[in-house]
Amino acid sequence: MASFEVSILGASGGPLDGGNQGVLISTPGNPLNKKYICVDAGSGLRQIASMIVSQNGNVSMGEGCRSDPIESFYERLEEPLHSFVDSRSEIVRGLGPDAMLESNETVMNGALRIFSNMNEYYITHPHLDHIAALVINSPACLATEKVLWGLRTTTEALRKHVFNDILWPNLFAQNKMSLELHTLDDYQSHKVKSIPNWIITPLRVSHGTTVETQLPCLSTIYLIQDKITNNAVAICGDLESDVISRKRWLANAWKHFSATVPLERLKCILIECSCSNATRDEHLYGHLSPNYLIHELKQLSRAYGKPLDGLQVIIMHVKMSVGMRDPRLVILQEIRELAAAQELGDVRFSIALQGYTFVL
Ligand SMILES: [Zn+2]
Ligand SMILES: [Zn+2]
């Protein structure tokens, strides 16, 4: 039985605006009482509405979506879905079968209903491409209580630099709004209030340095564990390899994974791979390329002491760079070739596609 539904609201690493990183996660089950959490919010309510439209459209859910045309801006204007997704991965169009419109419900009302069933945001780091929709969508928080969670660097930045009554109204001080901001501690498990079976643990990682002062730029991996099934899924914010950062933060994260989640229970890692291998180290700016991603997965495999057989790895945050071939396909091919050469095990690599839900 599936444990998690991971809906990709957005997965772009820029520089195209729109479609930036945001993931909605829920458990399969009772559609009337379905609760979600959001990890990052570069995309939000508009995408929820678009996903309702795509699954309520005239294409039947039953026939599958493997041949769906995926928008591309390179050698072809569309690429088939199956060229981005491992053939063994379960993927559905839209938010999944539980998120259909109720009778006489408009798309907007349906989107707001789902949005109101999402009570907790977990933000990996405060870069705009991870929070833009959270800000723009915040007036819709009037109806339901929402809490923004993050490590201190994230919550402080949101309070001081975003909801500061200059860039955006300070909604935390607005009594009519039930919007709260709370800080999580590094490596401290936290109970998800709206989904009581889940605990979520933030793990600090490195995301390069600030441009002017060269200070460390921090980001977060969120490890979500279901206490009943012991299944887990990890969602990573932007990050760089320990090889580049010269820290042991990712090594520590992998150690924590292997100490707390049996490999068979680790259903999926959603992780960035922003740049292709053609990118020089000095142009990675706190991100991964396939060489470094595979290096880090090899470290994960070492932490577990075995090959990563059966693990799903979903690639986020690809940068839409100049070129003939869709960079998502270039990066996926590089990753698959390296993984085979390095004997990583039977890992299923896919690209996170906006508008689709992975069932894990
Ligand atoms: Zn970033
Ligand atoms: Zn980013």
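Tutor: Four donors around a metal count as tetrahedral if all angles lie between 85 and 135 degrees, and as square planar if opposite donors are over 155 degrees apart and all others between 65 and 115; anything else is irregular. Please keep in mind that the model before us is predicted.

Student: Which residues coordinate the zinc ion (ligand 2)?

Tutor: The zinc ion (ligand 2) is held by Asp 129 (OD), His 130 (NE2), Asp 238 (OD) and His 317 (NE2), at 2.1 to 2.2 Å. Along the chain, these donors follow the spacing D-H-x107-D-x78-H.

Student: How do you know that these atoms are donors of the zinc ion (ligand 2)?

Tutor: A donor must be an N, O or S atom within 2.8 Å of the metal. The distances here are 2.1 to 2.2 Å, so the atoms satisfy the cut-off.

Student: What makes the arrangement around the zinc ion (ligand 2) irregular?

Tutor: The 4 donor atoms subtend angles of 91 to 164 degrees. A tetrahedral site requires all angles to lie between 85 and 135 degrees, and the value of 164 degrees does not fit that range, so the site is not tetrahedral. The arrangement is therefore classed as irregular.

Student: What makes the arrangement around the zinc ion (ligand 1) irregular?

Tutor: The zinc ion (ligand 1) is coordinated by His 125 (NE2), His 127 (ND1), His 207 (NE2) and Asp 238 (OD), at 2.2 to 2.4 Å. Its 4 donor atoms subtend angles of 88 to 171 degrees. The value of 171 degrees falls outside the tetrahedral range of 85 to 135 degrees, and the arrangement is therefore irregular. In sequence, the donor residues are spaced H-x1-H-x79-H-x30-D.

Student: Why can His 125 and His 207 be said to tie together parts that are apart in sequence?

Tutor: His 125 lies in the loop between β7 (118-122) and α3 (132-137), whereas His 207 lies in strand β11 (residues 198-209), so the pair joins parts that are 82 residues apart in sequence.

Student: Which residue bridges the zinc ion (ligand 1) and the zinc ion (ligand 2)?

Tutor: Asp 238 bridges the two ions, which lie 3.4 Å apart. Asp 238 appears among the donors of the zinc ion (ligand 1) and among those of the zinc ion (ligand 2).

Student: Are His 125 and His 207 buried or exposed?

Tutor: Buried means under 20% relative accessible area. His 125 has a value of 0% and is therefore buried; His 207, at 5%, is buried as well. Asp 129 and His 130 are also buried.

Student: Why is His 182 called partly exposed?

Tutor: The class lies between buried, under 20%, and exposed, over 50%. His 182 has a relative accessibility of 31%, so it counts as partly exposed. His 182 is in strand β9 (residues 179-184).

Student: How do you know that His 182 and Val 147 are in contact?

Tutor: Contact requires heavy atoms within 4.5 Å. His 182 is in contact with Val 147, Leu 148, Trp 149, Gly 150 and Thr 155, leaving aside neighbours within four places in sequence. The 7.1 Å between His 182 and Val 147 is taken from C-alpha to C-alpha, and the two are 35 residues apart in sequence.

Student: Which residues touch the most other members of the largest nonpolar core?

Tutor: They are Ile 221 and Phe 257, in a core of 76 residues. Helix α7 (residues 290-304) supplies the largest share, 6 residues. A second, separate core of 31 residues includes Ala 41, Ala 99, Phe 163 and Leu 171.

Definitions and conventions. Residues numbered from 1 in each chain as written. Chains lettered and ligands numbered in written order. Predicted model: local features only at pLDDT ≥ 70, side-chain atom pairs only at ≥ 80, totals over all residues. Heavy atoms only, no water. Donors = N, O, S within 2.8 Å, 3.2 Å for Na, K, Ca; no water. Tetrahedral: all angles 85-135°; square planar, octahedral: opposite > 155°, others 65-115°. Buried < 20%, exposed > 50% of the residue type's maximum accessible area, 1.4 Å probe, protein only. Helix = DSSP H or I, 4+ residues; strand = E, 2+ residues; numbered from the N terminus. Core = buried A, V, L, I, M, F, W, Y, C linked by side-chain atoms within 4.5 Å.
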